[in-house]
Amino acid sequence: MSLIAPPLSLYVHMPWCVKKCPYCDFNSHGLRGEPPYDAYVDALLADLDADLRDFGSAVHGRVVHTIFFGGGTPSLFTPELIDRFLDGVRGRLSLAPSAEVTLETNPGTVEHGRFDGYLSAGVNRLSFGIQSFDDAKLRRLGRIHSASEAEAAVKSAQDAGYTNINLDLMYALPEQSQEGALADVARAITLQPTHISHYQLTLEPNTAFAANPPPLPDDDHAWAMQEACEQQLGAAGYRRYEVSAYASPDRRCAHNLNYWRFGDYLGIGAGAHGKITDVAQGEIIRRWKTRHPKAYLAAPGGAERIGGSGPVARDELPFEYMLNALRLIDGVPMTDFAERTGLPPERIADAMAQAHRKGWLTDSPDQLQTTALGQRFLNDVISGFLD
């Protein structure tokens, strides 16, 4: 089977945040003085130049459909710096006319009046890290904003002209009841965002919460919360299209959809990950950048910026593909597996047969899709595709 180059995105990692949250395992670093924001933008563009040289024909001439500024807290960077970076991107890459450009922001880190600057720079989608509208829960999570500040920030963005906004919410918080989780969803709905990411708090290794675990709801209570919240979101017009993502009509996150469909993405910035399909070489390359901002800044565009790089082993491709594609509620066409991995469908026939027997996959011959039972036991479904 031959590989077909999928859509291409750009991920940009901004590593600083005001304060490291106790549950966070992302590559984020709490502020200690003023970070070198200007130098970091220069390093990002040098990183992009170097990746474009390294990947050569595998990316040359391809159109970028989405850009995502993640972190950390990207809104610590001024609109002027975001504008300078995006101008640099436009000079190096071909952007789709309707490219989705998302910037993550946290309430309390953006001064009022900045949102119109981000909009003018070309950021057309905002993602707010709200997590909860319960002030006590926010304090327990180590967040620096209050519920009222969160609401004010979202309304300020809407007043500035933003019509495409995501709110991040968490459930199964320390000592949270189902009523509390539903109350958070209700307050989010009143703000009329176009997208809501609703995900369970989990204890990740090497976090403060993992070292000193708070009392969390058990799995059965967490599942009941998820089902109740899904019903409430559905009644308000938000359709669940991925494990933790709900959108109003035509407002699904194009950037994340490209991840889940096993698309390609350049990853620049400290700790950023990327995936590129090299059709000519018949391989899929994963690359990640060195994690610490100081080390990353010390080698702008140099080989030292790379934490690791290399092709994905063919034996690992079925698992890597399913790890993404099976998160989508509607699944993906069966033809996508061969086009995006270069492997024949027979390669996964035994694993699919076992999943069918357990009631985890639908019977559609043309669509790779989990059943409701498969969604509940998704980790087990995916692990079945390990070689």
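## A ring cluster and a helix pair

Let us start with two aromatic residues: Trp16 and Tyr40 are both buried (under 20% relative accessible area with a 1.4 Å probe, protein chains only). The model is predicted, with local features needing pLDDT of at least 70, side-chain atom pairs counting only at pLDDT 80 or more, and totals for chains, interfaces and linings using all residues. Residues are numbered from 1 along each chain as its sequence is written, and side-chain values use heavy atoms, leaving out hydrogens and water.

The ring centres of Trp16 and Tyr40 lie 5.1 Å apart with planes at 70°, so this pair is edge-to-face (centres within 6.5 Å, planes over 60 degrees apart). Because Trp16 belongs to strand β2 (residues 16-17) and Tyr40 to helix α1, the pair ties together parts 24 residues apart in sequence. Helices (H or I, at least four residues) and strands (E, at least two) are DSSP runs, numbered from the N terminus.

Tyr40 also pairs with Tyr296: their centres are 5.6 Å apart and their planes at 45°, so the pair is tilted (neither under 30 degrees, which is stacked, nor over 60). Here the link reaches across 256 residues, from helix α1 to Tyr296 in helix α10 (residues 293-297). Ring pairs join Trp16, Tyr37, Tyr40, Phe77 and Tyr296 into a cluster.

Now follow helix α1 (residues 37-55) to helix α2 (residues 79-90): their axes come within 10 Å and cross at roughly 15°. The two helices are therefore roughly parallel (angles under 35 degrees). Among the residues making the contact (heavy atoms within 4.5 Å) are Tyr37 and Leu48 of α1 and Phe85 and Val89 of α2.

Methods
Axes are lines fitted to C-alpha atoms, for helices over the stretch in contact, and angles run from 0 to 180 degrees between N-to-C directions. Angles under 35 degrees count as roughly parallel, over 145 as roughly antiparallel, 65 to 115 as roughly perpendicular and the rest as oblique. Rings of Phe, Tyr and Trp (its six-membered ring) pair if their centres lie within 6.5 Å; planes under 30 degrees apart count as stacked, over 60 as edge-to-face and the rest as tilted. Buried means under 20% relative accessible area, exposed over 50%, partly exposed in between (1.4 Å probe, protein chains only).
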